[in-house]
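Reader: I've just loaded this one up and I'd like to talk through the ligand site and the backbone. Can you walk me through it?

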Amino acid sequence: MPALFRRVDETGRRPVRLIVDGHEIDALEGDTLLTALLTNGHRLRRNEFDGKPRAGFCLMGACQDCWLWTETGEELRACSTEVRDDMRIVTQEVPWLNP
Amino acid sequence: MAESLIVVGAGPAGTRAAERLVQAGLRPVVIDENERQGGQIYRRQPENFNRPPEKLYGTEAARARALHADFEALRPHIDYRPGTTVWGVAEEGLLAVRGSTVTTLPFSAIIIASGATDRIMPLPGWTIPGVYSLGASQIALKAQACTIGGAPVFMGTGPLLYLVAWQYMRAGVKPAAVLDTSSLATRLRGLRGMMSRARVVANGVHYMADLARAGVPLHAGITPLRVEGREDGVTGVAWQDARGRLRRTACDAVGTGYGLRAETQLADLLKCMFAFDPRFTQWRPQVDPDGRTSQPDVYLAGDGVLLRGADAAEAAGRLAACALLQDRRIAVAPDEIVGLRKSLSTLDRFAGGLAKAFPWPAHLAAALPDDTVVCRCENVTAGDIRHAATALDSPEINRAKALMRPGMGRCQGRMCGLAAAEVLAAARGVPVDKVGRIRSAAPLKPLPLDCRIAP
Ligand SMILES: Cc1cc2nc3c(=O)[nH]c(=O)nc-3n(C[C@H](O)[C@H](O)[C@H](O)COP(=O)(O)OP(=O)(O)OC[C@H]3O[C@@H](n4cnc5c(N)ncnc54)[C@H](O)[C@@H]3O)c2cc1C
């Protein structure tokens with residue numbers, strides 16, 4: 001299964017490399033985290049209630065279905081956060097950070 | 001004491017409101033959650049993207065250019081706070097957050113121009129990765145130069161359905177189908193109102209013709225049944241055609257939406273009076289023709305109060321600023337107000353026509369299978385809401401929310417609220433305005449755990 005999103009333009013941007021769940025992925029400068037993850041795969045996170053994959057829904061900061069975490073426990077809304085080099089993202093909440 | 005004026009939202013309505021205040025010699029604070037000004041229709045791409053406005057905004061490129069340029073010219077005269085979300089209201093002022101820094105912004109008057117989101121009707125399978133709102137489908141393209149898939153179905157109703165499908169086709173991604181719940185006969189009923197803006201109707205017809213010519217199946221009067229797929233994505237949609245035949249369209253993504261839903265939470269926190277608007281079948285704050293609410297010093301403009309589209313948002317933003325100025329005994333030429341009201345009345349007729357031509361299919365909520373997720377935040381199903389309606393005897397949506405949690409999640413019912421109310425109303429056998437509306441509560445959007453209060 002290919003990635004969910006397709007790039008159709010603006011592909012000449014500077015590459016950015018980030019770490020998601022311990023794996024390196026390639027993105028482009030100006031990508032949101034959501035774009036970066038969904039041009040590389042087909043989910044962002046899992047729903048807390050049924051454990052099923054989710055990939056965002058509204059892309060405009062309203063539905064709150066795209067929250068991810070940094071390895072240090074910071075929460076990020078993937079649709080409105082721009083990627084940066086060496087960002088370290090986890091797609092599941094790190095349990096010990098949230099007693 | 002000096003005036004402290006706040007404009008929330010830097011889309012067409014907020015931009016024009018701020019501009020009018022600046023013209024009167026005032027210096028408003030302008031807050032927008034987005035890093036870049038423009039709002040929804042004139043949303044800007046990141047700075048390192050190169051596509052020209054014509055490619056992003058099509059027929060509206062000139063208006064987009066003007067709105068962006070006029071805002072840039074305002075920058076030295078306003079206190080602009082991009083990337084800042086207003087999440088609450090306190091005695092001392094608005095509560096806003098940027099990153100993890102919370103600030104309180106005192107105000108003597110406020111213009112809220114918070115825009116709208118897609119209006120969503122849930123359906124079985126809509127939580128599968130690859131199902132997005134129509135607006136999201138457009139944002140992916142406009143702001144990120146991506147499409148939600150390689151062969152998407154656009155399903156729902158409203159003019160945005162055809163616009164987005166056409167924009168995808170132009171970007172080289174041919175939609176698998178455009179499926180509209182509104183029948184051709186229904187659309188004709190709205191045509192008279194819509195003819196107040198013949199140019200816009202012509203654009204819409206042109207999009208449909210282009211799509212049809214390219215071989216994109218366009219179906220009217222359909223009934224959505226479900227999205228099919230696996231954990232890793234969508235494989236198709238099942239639907240019924242106008243003659244009741246079961247159909248299936250293979251696709252790898254779905255964009256769905258049924259017109260728009262006004263973003264009204266802030267007005268609610270500021271205790272503005274609301275009323276049910278049968279035209280747009282949703283609750284909204286009550287305003288006078290110029291945007292005054294039931295609360296002194298609180299003004300509303302744009303799609304965040306009345307879903308009349310982008311051109312109306314610009315006029316309404318300016319008009320709300322004029323009302324604010326008048327209420328402060330700052331002279332405004334009567335001609336200006338008369339002119340703005342007049343252009344708004346044409347746009348209003350058009351919006352009424354659109355709402356008639358592409359109605360919210362409330363009946364679909366009543367037909368949702370019990371196990372369909374309605375609230376995507378907390379996975380509350382249609383059956384759960386019906387259980388609240390009948391076994392638990394909740395006559396009203398906030399009661400149902402307290403018992404079964406629809407609309408209780410992080411999005412505060414922005415996605416599910418209107419549909420949840422329809423499910424509840426149908427189960428109770430009452431009109432939807434009788435079950436009320438989900439009350440807003442701070443924080444309007446989730447706050448980071450590590451918030452700091454700015455000094
Ligand atoms: C996703 C989407 C796509 C659309 N595309 C089109 C289109 O292609 N063509 C068309 O004719 N119409 C389109 N529309 C309708 C069009 O957006 C509106 O008619 C027009 O943009 C309304 O202008 P506005 O100023 O009222 O609101 P908007 O343009 O929506 O601007 C509202 C602004 O307020 C900000 N905001 C809201 N709440 C807060 C808060 N709490 N804190 C801080 N900031 C906040 C938002 O970030 C946003 O920038 C679209 C609508 C949506 C939702």
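**The ligand and its surroundings**

Author: Sure, and keep in mind that this is a predicted model. In chain B, domain 1 (2-117 + 261-354) and domain 2 (120-258) each give at least three residues to the shell around the ligand.

Reader: Which chains does the ligand lie between, and which residues come nearest?

Author: The ligand sits between chains A and B. Its surroundings comprise 29 residues. The ones that come nearest are Ala13(B), Asp32(B), Gln40(B), Gln138(B) and Asp303(B).

Reader: What is the distance from a ligand oxygen to the side chain of Asp303(B)?

Author: Let's go through the polar pairs, starting with the backbone. A ligand oxygen is 3.2 Å from a polar backbone atom of Pro12(B), and for a polar backbone atom of Gln40(B) the figure is 2.9 Å. With Asp303(B) the partner is an N or O atom in the side chain, and the distance to a ligand oxygen is 2.7 Å.

Reader: And how much of the ligand's accessible area does the protein cover?

Author: On its own, the ligand has 980 Å² of accessible area. The share of that covered by the protein is 90%.

Reader: By class, how many charged residues are in the shell?

Author: Split the shell by class: twelve residues are nonpolar and 14 are polar. As for secondary structure, the elements of chain B that each supply at least two shell residues include α1 (12-23), β4 (85-90) and α9 (310-327). Back to the class you asked about, the charged count is three.

Reader: What area do domain 1 and domain 2 of chain B bury between them?

Author: The assignment for chain B also has a domain 3 (362-435), but let's stay with your pair. The C-alpha centres of domain 1 and domain 2 of chain B are 29 Å apart, and their contact takes 19 residues from domain 1 and 18 from domain 2. Carbon and sulfur atoms account for 59% of the buried area, which totals about 1500 Å².

Reader: Where is the cis peptide bond that ends at Pro443(B)?

Author: That bond runs from Ala442(B) to Pro443(B), with omega near -10 degrees. Most peptide bonds are trans. Pro443(B) is found in the loop between α14 (417-428) and β24 (452-453) of chain B.

Reader: What about phi of Arg405(B)?

Author: Arg405(B) belongs to the loop between α13 (397-404) and α14 of chain B. Most residues other than glycine have a negative phi. Arg405(B) has a positive one, near 75 degrees.

Methods: Residues are numbered from 1 along each chain as its sequence is written. Chains are lettered from A and ligands numbered from 1 in the order in which they are written. This is a predicted model: local features need pLDDT of at least 70, side-chain atom pairs count only at pLDDT 80 or more; totals for chains, interfaces and linings use all residues. Side-chain values use heavy atoms; hydrogens and water are left out. A residue is near a molecule or strand if one of its heavy atoms lies within 4 Å of it. A polar contact is a pair of N or O atoms within 3.5 Å; within protein, one must be able to donate a hydrogen and the other to accept it, and residues adjacent in sequence count only if both atoms are side-chain atoms. Accessible areas come from the Shrake-Rupley method with a 1.4 Å probe; for residues, only the protein chains shown count as cover. Helices (H or I, at least four residues) and strands (E, at least two) are DSSP runs, numbered from the N terminus. Ala, Val, Leu, Ile, Met, Phe, Trp, Tyr, Cys and Pro count as nonpolar, Asp, Glu, Lys and Arg as charged, and the others, Gly among them, as polar. Domain bounds come from an automatic or database domain assignment. Contact means heavy atoms within 4.5 Å. Buried area is the accessible area (1.4 Å probe) that two parts lose on being put together, summed over both.
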